[in-house]
There are 2 protein chains.
Amino acid sequence: MTESVGELRARLGPRLLTGEAVQAYRHDAAPLAAPGVPLAVVRAREEGDVQQALRWAHRHHVAVVPRGGGTGLAGGATAVDGCLVVSLAGMDRIVEMRADDQYCVVQAGVITADLDRAAARHGLMYAPDPSSHETSTIGGNLATNAGGLRCVKYGVTRDWTLGLRAVLADGRVLATGRRTVKGVAGYDLTGLLVGSEGTLGVIVEATLRLRPRPSGAPVTVVAQFPLLEAAATAALEITRAGLDPGLMELLDAATLAALSDHTRMDFEEAAALLLVQFDGAGREDAADAALAVLTRGGAGTALRSESAAEAAELVGLRRLAYPALARRGVPFTEDVCVPRSRLAEMVRHIQAVAAAHACEIATVAHAGDGNLHPLFVLPHGTTGIPANVSRAADEIFARALELGGTLTGEHGVGTLKRRWLEREMSAECAEVTRAVKWALDPHGILNPGKAVPFPGEGDGDDLPG
Amino acid sequence: MTESVGELRARLGPRLLTGEAVQAYRHDAAPLAAPGVPLAVVRAREEGDVQQALRWAHRHHVAVVPRGGGTGLAGGATAVDGCLVVSLAGMDRIVEMRADDQYCVVQAGVITADLDRAAARHGLMYAPDPSSHETSTIGGNLATNAGGLRCVKYGVTRDWTLGLRAVLADGRVLATGRRTVKGVAGYDLTGLLVGSEGTLGVIVEATLRLRPRPSGAPVTVVAQFPLLEAAATAALEITRAGLDPGLMELLDAATLAALSDHTRMDFEEAAALLLVQFDGAGREDAADAALAVLTRGGAGTALRSESAAEAAELVGLRRLAYPALARRGVPFTEDVCVPRSRLAEMVRHIQAVAAAHACEIATVAHAGDGNLHPLFVLPHGTTGIPANVSRAADEIFARALELGGTLTGEHGVGTLKRRWLEREMSAECAEVTRAVKWALDPHGILNPGKAVPFPGEGDGDDLPG
């Protein structure tokens, strides 16, 4: 194999890393996934580099692990021993910005927030905003079909994707989709690649929709509730009334306790906090209507922002939650999603599980989507997943499925949840998934061990929860 | 084969039609597609009927042509000789309506407009509204990823689809997707099946999103322009300003001439008419802003509706266009889509093509999407596609592709456009499409001759344009 790596080095020169340098490319932001050691790393600068890498890997049956910003929380970019890591981070060019037609063409390594800022210079926005948007790449967002705070109103990454260029397992370049907002010629291969976690091809470029940036400063409404159920019902009422919030977040009592500790604010009395933001036309009326809904719904205190600064500051509470929790130990974030009406039931279950297994779990939810992030705070110094945490996560997944939900709303399957996949998918769905996988990647070299369920895995317990 | 049909009859009884009764199931609303004669027709009443049909067809290698309301315009439900037609029209039950969670579960045969009316009883809407929505079925809408007038604001059928049940080629039932608004567990097989025109499976049930119905009556703005280019630019300005119209339609001079003929209105002086409707919060302000944009943009006359009745009446002009044109001959509708900024260029090209090939072509466009419907008016009594029409359509497709557009914005590929597919798709895209097709349908029995490009077809001229 050393000899073959020489072959690749002859083609890629300093864009190929070996030896100690590969250590930095072993894992993403899911540190509890057990990473292997790559044989080498390709730091691609152009599409041709990725083609060279994949042709070589295909010929030698070497596993390929693509990566972007390394911010994944499910281990989708976890290296396996002897693999070739292909980093797209260096392909960071915005190729075209077509303001009139409201689309752009970008390379996979463009940072999510950079794209939104570039769009803003034309009065446009790129809405998907995963928490890591200042360091995550569009390629990684596409691989995981990333969400974020704004997707309750504006949709997830797939909804913004018109077309792709991806390098297939054998090095061919697949161009999918189009530059028009509508189009039905052929199968939706664009949508198939989005969310496939690098198991069907390596995305190198994307044509993405943009839309007019909402004008004016957003308005934020915040309410504390003495009862979790009241907060969840109020969130449902806001959705039901068609007020169309630009974000709607619920913080539970454990999160509020950490925030009280971390800031000078006092949320000790509240069982839940609901943060709702409105943007664009009609935002003032919507905020007033929401305030009335929250008050009528039993909020202890409820207020709305009176200035842009205040609107941003209130939403800032949500962004402070993770740092506040991370100070208490090693954070491990989960990502279940349930039908909206089951939100309170799911939070209560998480709280019961935490008590039963002696875990510290704080939950923040994208309440408008029913997407919950139970955050386990593990003791400082924890490196693997403790047995009680694994059992607690198992129980959380099981209940999410019982409630008609899913194991993962926006983080992906990666390595962490693969053994659970077949409990969510029907057997036929798993069979068709594998049939598609083998049709596109006959040697199985593309990101092995991620996203695709394999028979019998659901029975094993060798992987963390 | 007659013996084998007996086998199927034993299982399906009167749900199986043979003999003269099959004649009514030979074609959809694309009468210029040359239909074959089916061996038999299954009028499915439940999922099990479809499974029986497909197991039998798989065993005997018999082609299966699924159909819903028979309203397709691209020939996607055109029978081939000796096939088994599977009609889903009888599976027309709304299985669940979950108002709080804003989704429903419906069988494939539910009529599109019936679903929207059922949703309205809960204050909700199902937005995709192809022109045939009073007779088209959800299953057909899913198979073609149907659009409509409202999709400029609310998206197309795929955007409303959370999950599916489909019977695979060998009779297995594939359940895809979920009941939550977000979810990233596994490949997007839901999106893959939507728009695949029955070539990957027969959709029998769908879980569809609903959303709050916009409150209050919509407001319509209408403007006549002496110059087509001014109308197209004004439409672009409305999109650019983020006014978010609920529909935005452009009618060209030939359409207006037919309308003048058909009604007592006089549009003889206008080169184009733009109809823009606004719904939901902020619609009054948006209508005022649009009126200003249109006036500034060179509209000859521009006005906005002052009542709900007037708003509906103005949009009614758009719905009158087809009857007005159909009186003049046999209508044959095309369906190209281009980036929005190329709309005027595309209309001009269509007008030049009409003159060059001595065809009568009138164009109505979903201006907010860049989706144009050039409608050929063929002489009364025409049954095939005349040579000049075929050449004209060829030139229209070629220009749409040159402008960065697509052959079909919302009608589908069907039989009519398959020979053109490989001019739009890259070779690799066609290869991957076939790989997916064979992985799911190894005997190639599912809707043969539709949607999937085959090598060398782009060179032939045996199929109409």
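1. A definition to start with: buried area is the accessible area, taken with a 1.4 Å probe, that two parts lose on being put together, summed over both. By that reckoning chain B and chain A bury about 5700 Å² between them, and 60% of this falls on carbon and sulfur atoms. Keep in mind as you read on that this is a predicted model.

2. Who touches whom across the interface? On the chain B side 74 residues are in contact, and they meet 74 residues of chain A. If you want names to look up, try K182(B), V184(B) and Y187(B): together they supply 17% of the area that chain B buries against chain A, more than any other three residues.

3. Now the symmetry. A turn of 180° with a shift of 0.0 Å along the axis lays chain B on chain A, and the RMSD is 0.0 Å. The two copies are thus related as by a two-fold rotation axis. The same surface serves both copies, too: 100% of the contact residues of chain B recur in chain A.

4. On to the sheet in chain A. Five strands make an open sheet in the order 5-6-10-8-9, with antiparallel pairing. Strand 5 (94–98) and strand 9 (173–177) of chain A are the edge strands, each pairing on one side only. Neighbouring strands in this sheet are turned by 10° against each other on average, direction ignored.

5. For a closer look at one pairing, take strand 6 (residues 103–107) and strand 10 (residues 202–209) of chain A. They pair in the antiparallel sense over five bridges. If you click on V106(A), its bridge partner in strand 10 of chain A is A206(A).

6. What packs on this sheet in chain A? Helix 2 (residues 47–60) of chain A does, touching strand 8 (161–167), strand 9 and strand 10 of chain A. The direction of helix 2 makes about 50° with that of strand 8 of chain A. Helix 3 (residues 112–120) of chain A lies across strand 5, strand 6 and strand 10 of chain A, and runs at about 35° to strand 5 of chain A.

7. Chain B has an open sheet of five strands as well, in the order 5-6-10-8-9 and with antiparallel pairing. Its edge strands are strand 5 (94–98) and strand 9 (173–177) of chain B, and the twist averages 10° from one strand to the next. Here I'd look at strand 8 (residues 161–167) and strand 9 of chain B, which run antiparallel and are joined by five bridges. V167(B) stands opposite V173(B) in strand 9 of chain B.

8. The helices on the chain B sheet deserve a line of their own. Helix 2 (residues 47–60) of chain B touches strand 8, strand 9 and strand 10 (202–209) of chain B, with its direction at about 50° to that of strand 8 of chain B. Helix 3 (residues 112–120) of chain B lies across strand 5, strand 6 (103–107) and strand 10 of chain B, running at about 35° to strand 5 of chain B.

9. Last, a helix pair in chain A. Helix 7 (residues 228–240) and helix 11 (residues 343–356) of chain A pack at an angle of about 150°, their axes 8 Å apart, and the crossing is right-handed. From helix 7 of chain A come L228(A), E229(A) and A232(A), which meet L343(A), A344(A), V347(A), R348(A) and Q351(A) in helix 11 of chain A. By class, that contact has five nonpolar, one polar and two charged residues.

Conventions: Residues are numbered from 1 along each chain as its sequence is written. Chains are lettered from A and ligands numbered from 1 in the order in which they are written. This is a predicted model: local features need pLDDT of at least 70, side-chain atom pairs count only at pLDDT 80 or more; totals for chains, interfaces and linings use all residues. Side-chain values use heavy atoms; hydrogens and water are left out. Copies are superposed by least squares on the C-alpha atoms of residues with pLDDT of at least 70 in both. Contact means heavy atoms within 4.5 Å. Axes are lines fitted to C-alpha atoms, for helices over the stretch in contact, and angles run from 0 to 180 degrees between N-to-C directions. Helices (H or I, at least four residues) and strands (E, at least two) are DSSP runs, numbered from the N terminus. A crossing is left-handed if the near helix is turned anticlockwise from the far one by less than a right angle, and right-handed if clockwise. Ala, Val, Leu, Ile, Met, Phe, Trp, Tyr, Cys and Pro count as nonpolar, Asp, Glu, Lys and Arg as charged, and the others, Gly among them, as polar. Two strands pair if DSSP finds at least two bridges between them.
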